[in-house]
Amino acid sequence: MNTVLSGIRSTGNLHLGNYFGALRNFVRMQEENKCFFFIADYHSLTTHPDPGSLHGNVKNVLTEYLAAGIDPEKSTIYIQSDVPEVCELYLLLNMHAYLGELSKTVSFKEKARKQPENVNAGLLTYPTLMAADILMHNADFVPVGKDQEQHLEMTRKFARRFNNMYQVEFFKEPNAYNFGQELIKIPGLDGSGKMGKSEGNCIYLKDEPKVIEKKVKRALTDQGPTVPNQEKPECIENLFTILRVVSTPEVVNHFEDKWNTCEIRYGDMKKQLAEDIIKVTSPIRERILEIENDDAYLHKVVTEGAEKARESAGKTLAGVREIMGFKPF
């Protein structure tokens, strides 16, 4: 059985893009692999840390991932800061990470441009912390997006460098997890780009039906097709993309036909789209409401998750310390 490690950003609420982009695949993934899911609260400190919202954000993400199907009986789900071993491995890996390679990463250069007043050491060594998260459990695979591919390659480099430096075959070189299909990119409701919190074009899994209806009703459209089988503009193709993932093929075909014959009525399409989004999100929303105030359950999940994660991490760290020459008297 393969070991799979996935980090979860501890910022804000989950939306349709998160759900169809990766989360459904995580739920399937845990059926066939030994999975570790962690909420990356240390990583959030590299930007603009806010002690007033950190715990609430972690709780929101934990609650919503559990509600969407991550099963603590099948997977290990834990909070990064509950596993102190990651900090020690982060320190040890930093001893073999070089300033030149860290400063050339795309994410560092982009973040440094965006927050020139806060170019901190944690931002520079973000790839090393990510490597510590992955190598801590000697993961075989890591699901990563395009923005994290360079960091995964650096993790492979750090693992290879450690093995070569100490003449061992201790760390595996993890590969990107391939879900066997192209990941779905869910567009926003503003007519362009992808659905994202910072863009303000999201439908959240926790949104109430009335809120979803209002958001879909405001989605950008055009004047409609003027000739049969006309190519769809981006804003309309975006609506059809969302329709394809939440509606039945019959519904999609119905509105495709209406478009191709210049008979489409956007009001009807938006009404149907809102209804189908509500069907998808309502069970998740109900589960969120059920467990978000169940502090005893959430405490049990993260406590047991930390215990399992620390057991795995402790074995790895003990091996690293011995290889590097740290031995008891």
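This report walks through the overall make-up of a predicted model, then its aromatic pairs, and then helix α5 with its charged surface patch.

**The chain as a whole**

The chain is built from 13 helices and five strands. Measured out along its principal axes, the C-alpha trace covers about 80 × 45 × 40 Å. There are 329 residues in the chain, and 49% of them count as buried.

**Aromatic pairs**

Let's look at the rings next. How many aromatic pairs are there in the count? The count comes to eight aromatic pairs. Two of them are set out here, with their geometry.

| Pair | Arrangement | Centre to centre | Angle between planes |
|---|---|---|---|
| Tyr 19 and Phe 20 | edge-to-face | 5.1 Å | 80° |
| Phe 38 and Tyr 78 | stacked | 5.8 Å | 25° |

Take Tyr 19 and Phe 20 to begin with: both residues are buried. Their planes sit at 80°, so the pair goes down as edge-to-face, given that the label needs an angle over 60 degrees.

Now for Phe 38 and Tyr 78. With 25° between the planes, this pair counts as stacked because the angle is under 30 degrees. The pair links distant parts of the chain, with Phe 38 in strand β2 (residues 34-40) and Tyr 78 in strand β3 (residues 76-79). That puts the two partners 40 residues apart. As for cover, Phe 38 is buried and Tyr 78 is too.

Rings also join up into a group further along: Phe 162, Tyr 166, Phe 170 and Phe 171 form a cluster linked by ring pairs.

**Helix α5 and the positive patch**

Helix α5 (residues 106-114) is a nice place to pause, and Arg 113 is found in this helix. Phe 108 lies in helix α5 as well.

Is Phe 108 buried or exposed? Phe 108 is buried, because its relative accessible area of 12% is under the 20% cut-off. Phe 108 also comes within reach of another stretch of numbering to compare: Phe 108 and Thr 125 are 17 residues apart in sequence, and their C-alpha atoms are 8.7 Å apart in space.

Arg 113 tells another story. Its relative accessible area is 62%, which is over 50%, so Arg 113 counts as exposed. Arg 113 also belongs to a patch of positive charge on the surface, where it gathers with Lys 104, Lys 109, Lys 111 and Lys 114.

Notes
Residues are numbered from 1 along each chain as its sequence is written. This is a predicted model: local features need pLDDT of at least 70, side-chain atom pairs count only at pLDDT 80 or more; totals for chains, interfaces and linings use all residues. Side-chain values use heavy atoms; hydrogens and water are left out. Patches are made of residues with over 30% relative accessible area and no salt bridge: like charges are joined within 9 Å, nonpolar side chains (Val, Leu, Ile, Met, Phe, Trp, Tyr) within 5 Å. Accessible areas come from the Shrake-Rupley method with a 1.4 Å probe; for residues, only the protein chains shown count as cover. A salt bridge is a side-chain nitrogen of Lys or Arg within 4 Å of a carboxyl oxygen of Asp or Glu. Lys and Arg count as positive and Asp and Glu as negative; His and the chain ends are not counted. The place of a charge is taken as NZ of Lys, CZ of Arg, CG of Asp or CD of Glu. Helices (H or I, at least four residues) and strands (E, at least two) are DSSP runs, numbered from the N terminus. Buried means under 20% relative accessible area, exposed over 50%, partly exposed in between (1.4 Å probe, protein chains only). Rings of Phe, Tyr and Trp (its six-membered ring) pair if their centres lie within 6.5 Å; planes under 30 degrees apart count as stacked, over 60 as edge-to-face and the rest as tilted.
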